[in-house]
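Here's a structure that may be new to you. Let's walk through it together, one piece at a time.

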Amino acid sequence: MNRRTFIKGAIALAATAWANPMIVIDAAENIKWWQRKPVYQIYPKSFLDTTGKGTGDLRGVISKLDYIKSLGAGAIWLTPIYPSPMVDNGYDISDYTAINPLFGTLDDFDELVAEAKARDIRIVMDLVFNHSSDQHPWFLESKASRDNPKADWYIWRDEKTNWRSIFGGSAWQWCEERRQYYLHTFATQQPDLNWENPAVRRALYDAANFWLDRGVGGFRIDAIVYIKKPALFVDGKPDSDGTCSVHNMTAALPGILDFLHEFKREVCDGHDIFTVGEANSVKPEDLPYWVGEHGVFDMLFEFSHVNVMFPHGEVWHRAELYKLSDFKQALTDSQRATRDTWYPIYFENHDKPRSVNNFFPAGTDRILAAKAMAMILLTLRGTPFIYQGEELGLSNVAFDSIDAYDDVSSRGQYDMARADGLSDKQALRFVHRFSRDNARTPMQWDSSSNAGFTSGKPWLPVHDDFKTCNAAVEEHDANSVLNFYRRLSAFRNASDVLLSGDYEELYHDSEELYIFTRRLGDKKLCTAVNFTTHDVKLPAGFKVGKKLFGNYRDEKNYLRATEGIICEL
Ligand code: NOJ
């Protein structure tokens, strides 16, 4: 199919889906393995250390496979485990086809793939193809001169623009050897690869195929919207500080899908795997071009629902209190736009604050909030992505100095806030609220020292609530968040309605309640969550049916603080 026909087809498909809410979708038996069960995301550095060095490793993951299986997961997405100087904790790769000794060996990896497979779980790798590390041999060669064989494997220019990198500071770095600037969308040590060069694309596809040959079940593809650069590099509309986010200049530019169709052909076609691209800025209405049979990926992580607090771009100190109706609208838009394809449902990952803090007012009960989010995560249509610790209801940390933060973006955001005139205390408050380290503190396994994560010194401090909030304590409590996740995940994986049913949002204008239904034939389930810390009356005419799940034991004809229910209608 040529490009024009494809685009016409995709538009027609999207238009039908938006216009016809009752369109018939896949019956549950037709859906694929990666649609049927949740994916569990692991940040290996913080998961479980088996050697006492203070950082997690692959053998730690192997030892917890039964725990992951107990959550009903069908796949594990590992954030990058390749050799890396770890400036951005592995998203700065110096070798695409090896394992970082910090995490183990290729033998450990093969054992993980095999042990997981024995439990019906596939391993999913993170492909970081927009940029490499500045220590990658490709970059070392590229920067050495203007005429070496890899001279144009990265983006080199004589002049820089006013672009600000995503982590703060100029997106251009001067290189004395070449007497030129190179572009880095993220940290200085993460130079952007030049996708216009076919040799670069070939090398990246070969790297992906290396992991397919080792039996992986799919890929999460990092920062993929940035791989296409503009034909001309010019200054963008400046913010108050005189710079312009690189994101505004390069995200999802025309032509990007041509690269990605090639990636699909060269890597994915013919394999029983799934792909999920990370795509900040792809709007729900554009999803039909990106996902499904005619798109380039199976699923796409778009950001509209997790960025509702950033109407002015992801500058933390310009965040605003979010409106529940905006959050619901974002979810509803993506549910609608993917009704004929598929959607990855997520509220947490290694880049986001813990959702019990992110989506609820200060002072909300942690356990109620964690269960309420679980009810939404596991009943929307799509594959739920559970981030390590989310199933325990882990919450944010607040270190008392910026020096205690490891995360490169927290430090960049702090500097931006200070440069904008905020005091140390004010700037730190935004770091507490949004730091990526909130999700990266060590996994809380038990009440022993360092939460059972390591016998050494953890690379990042353990949350100080670990004695009461950990997997071992929750294991023995039938009402824990962990056991709630297990029951709900088992229910979801066996429910035709939740796997395939249609989605409809109700009472959209409410700024207190999120209510939606899932319907298949004459079967209908309803999820209702009160996002406030006070009692809220149910909308007139709304009847609660038979309650199947809830975070309060008894039932009322209104929803109490942070109450969530799933009921049969
Ligand atoms: C998105 C990843 O999730 C994040 O952790 C990383 O810092 C950037 N991409 C750059 O690779």
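In what order do the eight strands of the open sheet stand? The order is E11-E10-E8-E3-E2-E1-E13-E12, and the pairing is parallel. Before going further, a word on the ground rules: this is a predicted model, where local features need pLDDT of at least 70, side-chain atom pairs count only at pLDDT 80 or more, and totals for chains, interfaces and linings use all residues. Residues are numbered from 1 along each chain as its sequence is written, and side-chain values use heavy atoms, with hydrogens and water left out.

The labels are easy to read: helices (H or I, at least four residues) and strands (E, at least two) are DSSP runs, numbered from the N terminus. Two strands pair if DSSP finds at least two bridges between them. Now look at the edges of the sheet. Strand E11 (299-301) and strand E12 (344-345) each have a single partner strand, so one side of each is left without a neighbour in the sheet.

Move inward and you'll meet strand E1 (residues 39-42) and strand E2 (residues 75-78), a parallel pair with four bridges. To find one of the bridges, start at Val 39 and go across to Ala 75 in E2. Helix H5 (residues 106-118) lies across E2 and strand E3 (122-127), and runs at about 135° to E3. That angle is between N-to-C directions, on a scale from 0 to 180 degrees, with axes that are lines fitted to C-alpha atoms, for helices over the stretch in contact.

Strand E8 (residues 218-221) has E3 as a parallel partner, through four bridges. Here Met 125 has Phe 219 in E8 as its bridge partner. Four bridges also join E8 to strand E10 (residues 274-278), again running parallel, and Gly 218 is matched with Phe 274 in E10. Is E8 covered or uncovered on its faces? Both faces are covered: Gly 218 and Arg 220 are buried on one side, Phe 219 and Ile 221 on the other. Buried here means under 20% relative accessible area, while exposed means over 50% and partly exposed is in between (1.4 Å probe, protein chains only). In a regular strand the side chains alternate between the two faces of the sheet.

Arg 220 leads us to the ligand. Around the ligand you'll find Asp 88, Tyr 91, His 131, Phe 167, Phe 186, Arg 220, Asp 222, Glu 278, His 350, Asp 351, Arg 436 and Arg 440. To count as near the ligand, a residue must have a heavy atom within 4 Å of it. An N or O atom in the side chain of Arg 220 is 3.0 Å from an oxygen atom of the ligand. For Asp 88, the distance from such a side-chain atom to a ligand oxygen is 2.5 Å. Arg 436 has a polar side-chain atom 2.9 Å from an oxygen atom of the ligand.

Arg 436 turns up again beside Ser 410, a residue of helix H14 (residues 408-419). Leaving aside neighbours within four places in sequence, Ser 410 is in contact (heavy atoms within 4.5 Å) with Trp 316, Ile 402, Tyr 405, Val 431, Ser 435 and Arg 436. Ser 410 is buried, with a relative accessible area of 0%. Its side chain makes a polar contact of 2.6 Å with the side chain of Asp 407, and another of 2.7 Å with that of Ser 435. A polar contact is a pair of N or O atoms within 3.5 Å; within protein, one must be able to donate a hydrogen and the other to accept it, and residues adjacent in sequence count only if both atoms are side-chain atoms.

Now for some antiparallel strands. Strand E6 (residues 172-175) is joined to strand E7 (residues 180-183) by four antiparallel bridges. E6 and E7 form a hairpin with four residues between them, and Arg 179 in the turn has a positive phi of about 55°. Strand E4 (residues 156-157) also runs antiparallel to E7, through two bridges. Tyr 182 in E7 is the bridge partner of Trp 156, and Gln 173 stands opposite Tyr 182 too.

Last stop: helix H11 (residues 324-337). In H11, 11 of the 14 residues are buried, so the helix is largely enclosed by the rest of the structure. Among them are Leu 324, Phe 327, Leu 331 and Ala 337.
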